[in-house]
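Thank you all for coming. I would like to walk you through one structure this morning, taking the places where its parts meet one after another.

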Amino acid sequence: MAMRGLSMQPNLLRENAALCLQAKQEFAANGLPAAKNEAWIYTRLQALTLNPANAGEEAQADEAGVLSFSAGWLQTGGDNLPASVTLTEMGDDAILGEFAAHLPEDHFLGSLSLGHATGAYLIEIAANAAIETPLQLVFEGGEEGQSSHPLIFIKCGAGASCQLAEIHSGTTSLSAPVMVIDAGAGAKIDHVKLQAEDSQASHLALTVFAVAQTADINSFTAAIGAKLGRHETHAHLNGEHIEMALSSLYLGRAEQHQDITTRMLHHMPNCTSNQVIRGVLDDSAKGVFQGKVLVARDAQKTDGQQMSRALLLSRKAEADAKPELEIYADDVVCSHGATVGELDETHLFYMMSRGISEDDAKNMLIQAFLIDALEQVRHEALADILSHAVHDWMAEGL
Amino acid sequence: MGATEETIAAVEEATGQYKYGFVTDVETEKAPKGLNEDIIRFISAKKNEPEWMLEWRLKAYAKWLTMESPDWAKLDIPEIDYQDIYYYAAPKSAEGPKSLDEVDPELLATYEKLGIPLNEQKMLAGVAVDAVFDSVSVATTFREELAKSGVIFCPISEAVHSHPELVKKYIGSVVPVADNYFSALNSAVFTDGSFVYIPKGVRCPMELSTYFRINEKNTGQFERTLIIAEDASYVSYLEGCTAPQRDENQLHAAVVELVAMEDAEIKYSTVQNWYPGDADGKGGIYNFVTKRGACRGDRSKIAWTQVETGSAVTWKYPSCILQGKDSVGEFYSVAVTNGAQQADTGTKMIHLGEGSRSTIISKGISAGKSNNTYRGLVQVMPKAENARNFTQCDSLLVGDKCGAHTVPYIVSRNPSGKIEHEATTSRISEDQMFYCRQRGLDEEETVSLIVNGFCREVMKELPMEFAVEAQKLIGISLEGSVG
């Protein structure tokens, strides 16, 4: 049975919790990332809309497993969750402290949303539970001029398995979710995130994975919406024999700016990580991929792979990449690769010479390029969510 | 001893015992320690420089005062006291010697210890050597033969007088004074360096070479090298470095500018083996170098090849600005770090011209407690139709206390550009060791074979004269350490 007790008139964390006040001060003191800040060299932040929304009306519970958020506040009580899933509000400094301890120190995105928090929720999955229905976190609603800063803490108990889908399609000017996914020993998590925010919005997300030994994580992000999108993921592999897949695709049109930043942090030996990144950029869109793989001194026998490819469809599109290896252990197999280019002319020619129109041929090639990435998603229902969105994006371009 | 330990031991020798640690006692003429306008005036006056040169220096100094030392590299550098450095030291000599006979015999003895047979080189190697001893070029050979083909090869301090129009036109045109902290410093206080001018259509009849030495205690070395290759000309320039052992850190901030016009080709090769400091990183050279070439003309080509084994800190990114249509930039690098050495090195390839191409091959070998970083930028600008880049960065880790890092930056603003980057990190595997041992090679030979094989793609780009020295260097780093 899921625990209730969510007050629908929550106390405002950002005005009461010491941690939030501290983060707000930190944020005010540091301001936006400076032009010389290495982590932000390709993504310049101008002014941000900072006007955290307040909780709205309670709504009807959705279908099973769906949690609806409006402008960063949970709207439903969580009655529709499976029995082994518990939903509570993070209302005190103790649990908030545990959440914040997972965030990188002095991090812009961390202090931004801790300091301006909207709703903050803890979702716990009991040890050894096998959740069959995907949990869907749907973030929508809000108004222009508002910002949403949901803080989500997911604790997946040892040996549990679950599927998580995050869908961001809000209408606030800024959506800045911070999510911590704590995977217990042997946990198996399938996670997808679809970023399909309003075309004028900014989406600045920080996701942290804290992974214990023998856990198996398959995570995928598709960044499609927003005018300015940054999806930053830090994955801490804190135990041995972890399998971690952290892949993504980003699509950009018009003036869109999509930034995918990952830090794969191998702290312990015998772990495997794999990242496949694909980007397609049209019009004047700009795509950024920054991916660091760190292998600590003790993380012998690490296998860390990363491959990013960007496809430019227009003369004005731009792709920037900064894959990074930082390696302190000697018995490792690590590699990264990055390519940027346009559609292969010989491929196009081959298809057109067989009677396929140029547009169709291009579309097929783009699709094939993206399917390469989408195939990384292991769970079928989750994959469907993303492939529909990608399909719609393709269709819009015709 | 297991293979791994032996490998570690082998490479610990790499730079641990510095063969060239000795000091030559030559009376030197020094400016007082520290840096201010007066010192710059002193340096300029010492060199009888024209007014425009002094003004240029003073402007650079004013600029430098407003700048900050860069901190983005993965280097841990103790704060440098720029007022505790001698900015000028010249071997005492009333007038420049005209032949080797006039050169201070002690200097010649130093070169002999280094294994640079100046005299023999004249006959054997066909290499003209413009030897920079500390700050003043004291021996210049083969000038006459070069002059016959119209090639100018002289100390830059001399070129300021003999070819002011060329120096004025090109100095600072590739590396602007305010490009970075160290280029501004160099522009203010540079003491000497080489000047090379290859006229139209001339293929330089010999490999040009200089040996830079840092000799006088506490003197920073601030070379300034300028190479201009006019249309359809070719030059290969070799730079080799060794330095005496020191306790205090020595600062080195060189600027090298290359200009290649239409169809011209410049090949610039470096072997850098300065004192790396002791096992804890005490002493050793701080090497902050700005090297950049401009491929100004269509079909021009600039190739940088470097073998970096020395220095406590290396901060060096030889770059190419590919302006000309179908211009070509190449960068081949082997960087070996050991002990507490730190290297942050790589290249920048800026594609501006249509059809420009670049190749980057970087091999990093880290041992001991060292950190070895490749940092490179490939940028394709909007007008660079059909630009191509291929980058390969491989790192080899020897031992479990070192670090190997790869930080490529890729910026593509033209869809027709194709950029490919690959990086791998590995170590000498037990399998490789076993395979070679089984065939009768001892462990030392095996490590040497594997490391040389790992670097082969770069080594084969070196001119023959250098390839021998470079292989020897890597050989030295491996010898006597196994068993």
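When I speak of buried area, I mean the accessible area, taken with a 1.4 Å probe, that two parts lose on being put together, summed over both. Please keep in mind as well that what you see is a predicted model.

Let me begin inside chain A, which is divided into domain 1, residues 13-344, and domain 2, residues 345-398. The C-alpha centres of these two domains of chain A lie 25 Å apart, and the contact between them takes 36 residues from domain 1 and 25 residues from domain 2. Domain 1 and domain 2 of chain A bury about 2,600 Å² between them, and carbon and sulfur atoms account for 70% of that area. On the domain 1 side, A:Arg253, A:Leu343 and A:Asp344 supply 26% of the area that this domain buries against domain 2, which is more than any other three residues give.

What about charged and polar pairs across this boundary? Between domain 1 and domain 2 of chain A the count is 4 salt bridges, and there are 10 residue pairs in polar contact, with both residues at pLDDT 80 or more. Several strands of chain A each supply at least two residues of the side of domain 1 that touches domain 2, among them strand S8 (161-170), strand S13 (216-223) and strand S19 (303-312). Strand S11 of chain A gives the most to that side, with 7 residues. If we sort the residues of the domain 1 side by type, they divide into 19 nonpolar, 9 polar and 8 charged. I would also point you to a salt bridge in which the side chains of A:Arg378 and A:Asp216 meet, at 2.9 Å from N to O.

Now let us move outward, to the place where the two chains meet. Here 34 residues of chain A are in contact with 37 residues of chain B, and the area buried between chain A and chain B is about 2,800 Å², of which carbon and sulfur atoms give 47%.

How many salt bridges are counted between chain A and chain B? The count is 5, whereas a search of the whole structure, over all chains, finds 36. In one salt bridge, the side chains of B:Glu385 and A:Arg315 meet at 2.5 Å, N to O. In another, the side chain of A:Glu318 meets that of B:Arg413 at 3.2 Å, N to O; this pair crosses between chains, from strand S20 of chain A to the loop between strand S23 (403-412) and S24 of chain B.

Across the interface of chain A and chain B there are also 20 residue pairs in polar contact, again with both residues at pLDDT 80 or more. On the chain A side, strand S20 (318-327) and strand S21 (333-341) each supply at least two of the residues that touch chain B, and S20 of chain A gives the most, with 10 residues. The residues on this side of chain A divide into 16 nonpolar, 7 polar and 11 charged.

Finally, please look at strand S21 of chain A, which is joined by 7 bridges to strand S24, residues 418-427, of chain B, the two strands running antiparallel. If you would like one position to find on your screen, take A:Gly337, whose bridge partner in S24 of chain B is B:Glu422.

How values were computed:
Residues are numbered from 1 along each chain as its sequence is written. Chains are lettered from A and ligands numbered from 1 in the order in which they are written. Side-chain values use heavy atoms; hydrogens and water are left out. Contact means heavy atoms within 4.5 Å. A polar contact is a pair of N or O atoms within 3.5 Å; within protein, one must be able to donate a hydrogen and the other to accept it, and residues adjacent in sequence count only if both atoms are side-chain atoms. Helices (H or I, at least four residues) and strands (E, at least two) are DSSP runs, numbered from the N terminus. Ala, Val, Leu, Ile, Met, Phe, Trp, Tyr, Cys and Pro count as nonpolar, Asp, Glu, Lys and Arg as charged, and the others, Gly among them, as polar. Two strands pair if DSSP finds at least two bridges between them. Domain bounds come from an automatic or database domain assignment.
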